[in-house]
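Welcome, and please load the model in your viewer. We will go from stop to stop, with something to select at each one.

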Amino acid sequence: MIKVTLKDGIVKEFEQGVTAGDVAKSLGAGLYKAACAAQINGAVADLRTPLNEDCELSVLTFDDENGQRAFNHTASHVLAQAVKRLYPDAKLAIGPAIDSGFYYDFDVPAPFTPEQLEEIEEEMKKIVKEALPLERYEMDAPDAVEFFKSKGEIYKAELVEEHASSGEKISFYRQGEFEELCAGPHVPDTGRIKAFKLTSCTGAYWRGDEKNKMLQRIYGTAFPKASQLEEHLARIEEAKKRDHRKLGKELGLFTIMDEGPGFPFFLPKGMLLRNTLIDYWREVHRKYGYVEISSPMILNRALWERSGHWYHYKENMYTTVIDETDFAIKPMNCPGGMLVYKSQPHSYRDLPLRVGELGLVHRHELSGALHGLFRVRCFTQDDAHIFMTWEQMKDEIKNVVKLFDEVYSVFGLSYQIEVSTMPEDHMGDIKDWDFATETLKTAIEEMGKEYVINEGDGAFYGPKLDFHLSDCLGRTWQCGTIQLDMQLPERFELEYIGADNEKHRPVMIHRVVLGSIERFIGVITEHFAGAFPVWLAPVQAKILPIADRHQDACFALQKALEEKGIIRTEVDTRSEKLGYKLREAQLQKIPYMLVVGDKEAEEGTVSVRKRGQGDIGTMTVDEFVKLISAEIASKEIF
RNA sequence: GCUGGUGUGGCUCAAUGGCAGAGCAGCUCAUUCGUAAUGAGCAGGUUGAUGGUUCGAUUCCGUUCACCAGCUCCA
């Protein structure tokens, strides 16, 4: 008999060799039905894994991330099996579970058509119906290579070959006639994959390297219940409705034209939003002790050579020749910022020196990478460079993170922090790297924040913290970043005079909060689904006369509001019915609609309709000003 | 940049190897209306661009540009 420790420390005894699934069954048929995988002594395993000694066991369902992965991963095997049945010559590459489901890459002569995807789905349904058990077995690596080579599976053979020398066993899973190289875990049988859908098919390079052959990737998503699949598909529909490219057009915020691919035009409404955002940005930065500068957009080659960009970033830079001298449009603000620092001598008393810059940068991104406001070729970084001593580093990082917290919370955005450590092609002293990386980690640890480590993903000049913001649908976008730089101060020979009257080299932080103004506007457009809070809304209130004779009263109201600081209002002067004007204001997601008819014009009142709530009654103009002003001041989200 | 898909008035979308059509928006007129669409009329297009096939191309073919999905890259 063995002792199995379950959730909440409950210990039960079982015969040796009992499987994790058997234990789940003994705990209840419902749990077993919902189970996808198991966690044995902290390691994820199959429900079919036998327990041979005392252990801790938890049953993972679809609610658990690991359970979900096991589930989706099994679905990818079902997909691969179906493709092999229909197209025996297709070569298999890889098929992992991803956040939104799973995919599988195939080497086939031509892309799959939508009709073929339907046929594959049908075949998958058959495989699900067959409820084939997934059985794990092992092979020595050299045997596995031979096995795949004999079947013509060159990609699989290549994968196994990398392990061939290590002498480790290669694990396989078998479901019916289909055998697949896989670490697992999987659900016990294909019958579990109750609801799935193949969502798209696109090209993808083998191993993500554009030098390699392009394979065909089929994406899908799978759930234990049909209702969950429906919910998922509904959520995707909802995300499409919130797409900032669609909303940007509908709400008149921005446009991107053929004449400037990747170069967005901001329209009057978008500009109101943008300027409000920038006003707020300046207010916060003043509060946190920043000064602001502006550096030129075009600078000569000598500068870019000194910064290193001319050699390391030239592919992405727009360059030109003027008076026989090479110039480049800045892809980054830092070199200009270095020159500003160098333009005058500095004392240790100046440090930390926090220098902000809303800098418009241009980068020639690949055409296929462009995506609305999320990925553009010119954007405004809400940059700042902080010059400091090594001793000040930790407190400065904390100060920046505090600022980030304040800004993000105003928008109701939560974030995840990634720490990126030293890359292979780094520059500088390892001791400095270690110190800087440790300082970044301890700073956020001391602030009680969690983070994940992105090993080797730092910039060549220093480690960094990346802030990934989640929108309300759970998708994440990198916006904020805090990068330590030990190199630029060196390259530009930055100095300050210490208390000892000697010259010292400062260390530097590059940081952006919003990331780029453009991307951030895209993120909050989707986050709010275009229904911006009053403080941010391009039009805060739409004033609607019931009949033409009320127009003067409407303009008087507009003026009265303006005098109280409510400046972003519009009067709808068209000779239309109230319902018509309301509908349009509602579709434009304007926070307040102010109706003025005979009664209001006479009494000096206003009938207020609030977005999302409807008619909230008639009030005096002063009462409305008080209401809306409080909401603006608190930056309330509704 | 790569693979595949798409491109028709400001917007959303029809149609066709033989005169390119609707709804919304716009303009004009009538209506002056109380919380999500009043009615009538008018105007709006070299069907992304460019070569070719054809008596005739928006439709078929080539090239090119842009966009969409994904890969790569990234704020």
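## First stop: a loop

Select Ala131 in chain A, which sits in the loop between helix 4 (114-130) and strand 11 (135-140). Helices (H or I, at least four residues) and strands (E, at least two) are DSSP runs, numbered from the N terminus. This is a predicted model, in which local features need pLDDT of at least 70, side-chain atom pairs count only at pLDDT 80 or more, and totals for chains, interfaces and linings use all residues. Residues are numbered from 1 along each chain as its sequence is written, while chains are lettered from A and ligands numbered from 1 in the order in which they are written.

Is Ala131 buried, exposed or partly exposed? Ala131 is partly exposed, because 14 other C-beta atoms lie within 10 Å. The cut-offs are these: buried at 20 or more other C-beta atoms within 10 Å of the residue's own, exposed at 12 or fewer, and partly exposed in between, with C-beta atoms placed from the backbone. Now add Pro188 to the selection: 57 residues separate Ala131 and Pro188 in sequence, and their C-alpha atoms are 9.2 Å apart in space.

## Zoom out to the whole chain

Show all of chain A, whose C-alpha trace spans about 80 × 75 × 55 Å along its principal axes. In a cartoon view, chain A has 20 helices and 35 strands. Of its 638 residues, 36% count as buried.

Colour by pLDDT (the predictor's confidence in each residue, from 0 to 100). Chain A averages 91, and 99% of the residues score at least 70. For the complex, the predictor gives an ipTM of 0.93 and a pTM of 0.89.

Next, colour by domain: domain 1 (2-61), domain 2 (66-239), domain 3 (262-297 + 330-527) and domain 4 (541-634). These bounds come from an automatic or database domain assignment. The centres of domain 1 and domain 4, taken over C-alpha atoms, are 63 Å apart.

## The eight-stranded sheet

Select strands 18, 22, 23, 30, 27, 26, 24 and 25, which in that order form an open sheet of 8 strands with mixed pairing. Strand 18 (291-292) and strand 25 are at the edges with a single partner strand each, so one side of each has no neighbour in the sheet. Two strands count as paired if DSSP finds at least two bridges between them.

Start at strand 18, which runs parallel to strand 22 (residues 353-362) and is joined to it by 2 bridges. Glu292 has Gly356 of strand 22 as its bridge partner.

Move on to strand 30 (residues 507-516), where 10 of its 10 residues are buried. Strand 23 (residues 378-388) runs antiparallel to strand 30, with 7 bridges between them; pick Met388 and its bridge partner Val507 to see one pairing. Strand 27 (residues 476-485) also pairs with strand 30 in the antiparallel sense, over 5 bridges. Here Thr481 has Val512 as its bridge partner.

Finish with strand 24 (residues 414-420) and strand 25 (residues 451-454), a parallel pair with 4 bridges. Ser420 is bridged to Asn454 in strand 25. Add helix 14 (residues 430-446) and you have a right-handed β-α-β unit with strands 24 and 25. Right-handed means that, with the strands pointing away from the viewer, the path from the first strand over the helix to the second runs clockwise.

## Around the RNA

Show RNA strand B and the 57 residues that surround it; the closest are Gly208, Gly368, Gly515, Gly597 and Ser607. A residue is near the strand if its C-beta atom, placed from the backbone, lies within 6 Å of it. Which element gives the largest share of this surface? Helix 18 (residues 578-587) does, with 7 residues.

## Backbone curiosities

Select Leu351 and Pro352, which are joined by a cis peptide bond with omega of about -5 degrees. Pro352 lies in the loop between helix 12 (334-342) and strand 22.

Arg207 is not a glycine, yet its phi is positive, about 60 degrees. Look for Arg207 in the loop between strand 14 (195-205) and strand 15 (214-223).

Asp323 also has a positive phi, near 50 degrees. This residue lies in the loop between strand 20 (319-322) and strand 21 (325-329), and Asp323 counts as exposed because it has 5 C-beta neighbours inside 10 Å.
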